[in-house]
Every structure is written in C-alpha cells, then in structure tokens.
Amino acid sequence: MSRTGRVERTTKETKVLVEIDLDGTGKTEISTGVGFYDHMLDQLGRHGLFDLTVRTEGDLHIDSHHTIEDTALALGAAFKQALGDKVGIYRFGNCTVPLDESLAQVTVDLSGRPYLVHTEPEKMAPMIGEYDTTMTRHILESFVAQAQVALHVHVPYGRNAHHIVECQFKALARALRYASEPDPRAAGILPSTKGAL
Ligand SMILES: [Mn+2]
C-alpha cells in the first residue's frame, strides 16, 4: 500500500504543491524561490528518505514570509495524509544531529495532536540569503499544526546561522523517518492504547 500525500494550496498570496512518498529513496524536486529554504527541504527529503516534490510560487515581491509559511502548512498536511491510519509504525522518533559547532535534538510523536516545543540560540544572524532565521520556528509551528504531531526541537548550542538551521532540518528529517517507518514487530497493530491516533 502506498503511503503518499498530495496537497495543493492556493491563496491570493501563494500557490503551493507538495507531493510526498514516505517510502521513497530521498529523491527531491524543490522550488520555492527561496534558495536556502529549498536547501532545507532538500535535506528533509534526503535524510528522511522521503520522495518529495515542492513547487511554490509566492508573493516574493513582498518578502519570503508567506512563501515559506504556506509551503510548511502544505508539507504538514501532505505528511499527515501520507501517514494514513498509522497502523504498524513506530510512532515515536528521535535523532540528534551535529553540524560542526551546532547541535540539534529532535523528538517527535505522531500523536494526532499538534504541539511544538522549540529552543535555539537567541543570537543568530537575522538572514541567510532571503531566509529570515526567525522563520524556522514559524515553519515548525505551521508543519506541526497541519501534521498534528508533537514535536520538540532543541539547539542547545551553535554559532553559525546556516549550521543552526540546517542541523534542525536534518534531525527533523531523521526523527520523522524513524517515527513513520514500519515496525516489523507491530505489523497490523496501532501503536496506541486509545484505539486511535
Ligand atoms: Mn505568518
């Protein structure tokens, strides 16, 4: 059975298409018009082993905010769609990823309830190319709201803004992969005593 999601989202600010295959090989095709964000979504696909297509045409003449946020919303919705009934998966995942001097710790529960806890160094370069570094939390908030997962992302230390953001996306990718992967001991079993996730 295929675990894929496809979401099209069109507003007066943006036009977004996201396609995801959770059982892919990390093949990506990403174009949002924001170079660094493309680089981050590429990490998400590659290290999550998700096949991921993202095409966003946003109001970049204003700034990159709507483009980045709306893409994250569509990504969360597509991820949720692809997860389906969550039968037979691990449900929980965590991964710690260093990137030179920076470290990201990500833990996720595919719980059906949106909740984000996020900490990262306060002092960081404000921009990476066209990417506003305060958008990282906004991306995670948007993803969580639509994917309906509990997500804890911490960067206890780091100095270079590019590294601080990139290690978060890499660790997120790997944590989502571990949580969504089939648990061979739990085939046909829903990982919840509540009977629903
Ligand atoms: Mn916003």
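Q: Which residue in β10 is the bridge partner of D109?
A: The bridge partner of D109 in β10 is A150. Strands are DSSP runs of E with at least two residues, and helices are runs of H or I with at least four, both numbered from the N terminus. The model is a predicted one, where local features need pLDDT of at least 70, side-chain atom pairs count only at pLDDT 80 or more, and totals for chains, interfaces and linings use all residues. Residues are numbered from 1 along each chain as its sequence is written, while side-chain values use heavy atoms and leave out hydrogens and water.

Q: How do you know that β6 and β10 pair?
A: Two strands pair if DSSP finds at least two bridges between them. β6 and β10 have six bridges, in the antiparallel sense, so they pass that test. β5 and β6 also run antiparallel, joined by eight bridges. One of the partnerships there is L99 with S102 in β6. In the hairpin of β5 and β6, which has two residues between the strands, D100 takes a positive phi near 50°.

Q: What is the order of the open sheet of four strands?
A: The order is β5-β6-β10-β7, and the pairing is mixed. At the edges stand β5 and β7 (115-119), each with a single partner strand, so one side of each has no neighbour in the sheet. On average, neighbouring strands are turned by 10° against each other, with direction ignored.

Q: What makes up the covered and the uncovered face of β5?
A: G93, C95, V97 and L99 form the covered face, whereas F92, N94, T96 and P98 form the uncovered one. Here is the general background: in a regular strand, side chains alternate between the two faces of the sheet.

Q: Which strands does α4 touch as it packs on the sheet?
A: Let's take the helices in turn, with contact meaning heavy atoms within 4.5 Å. Axes are lines fitted to C-alpha atoms (for helices, over the stretch in contact), and angles run from 0 to 180 degrees between N-to-C directions. For β6 and β10, recall the antiparallel pairing over six bridges. α3 packs on the sheet by touching β7 and β10, and its direction makes about 165° with that of β7. α4 touches β5, β6, β7 and β10, with its direction at about 150° to that of β5.

Q: Why is the contact of D70 with R9 called a salt bridge?
A: A salt bridge is a side-chain nitrogen of Lys or Arg within 4 Å of a carboxyl oxygen of Asp or Glu. The closest N and O atoms of D70 and R9 are 3.3 Å apart, so this pair meets the rule. The two residues come from distant parts of the chain, D70 in helix α2 (residues 65-83) and R9 in strand β1 (residues 4-10), 61 residues apart. By this rule the count is eight salt bridges.

Q: How do you know that D70 is buried but R9 is partly exposed?
A: Buried means under 20% relative accessible area, exposed over 50%, and partly exposed in between (1.4 Å probe, protein chains only). D70 has 5%, so it is buried. R9 has 26%, so it is partly exposed.

Q: What makes D109 and R91 a salt bridge?
A: Their side chains meet at 2.7 Å, N to O, so the distance satisfies the cut-off already given. With D109 in strand β6 (residues 102-109) and R91 in the loop between α2 and β5 (92-99), the pair ties together parts 18 residues apart in sequence. Both D109, at 13%, and R91, at 12%, are buried. R91 also has a positive phi of about 75° although it is not a glycine.

Q: What separates K170 and E166 in helix α4?
A: They are four residues apart in helix α4 (residues 161-180), which means about one helical turn. Their closest N and O atoms are 3.2 Å apart, in a salt bridge. E166 counts as buried at 8%. Elsewhere, salt bridges that share partners join R6, E8 and E19 into one network.

Q: Why does Q148 count as partly exposed?
A: Its relative accessibility is 28%, so it falls in the middle class. Q148 lies in the loop between α3 (135-147) and β10 (150-157), and has a positive phi of about 55° although it is not a glycine.

Q: What are the protein donors of the manganese ion?
A: Donors are N, O and S atoms within 2.8 Å of the metal (3.2 Å for Na, K and Ca), and sites may look incomplete because water is not among the atoms. H65 (NE2), E69 (OE) and H138 (NE2) lie 2.2 to 2.3 Å from the ion, so they qualify as donors. Their spacing in sequence is H-x3-E-x68-H. E69 in helix α2 and H138 in helix α3 link distant parts of the chain, 69 residues apart. At 19% relative accessibility, E69 counts as buried.
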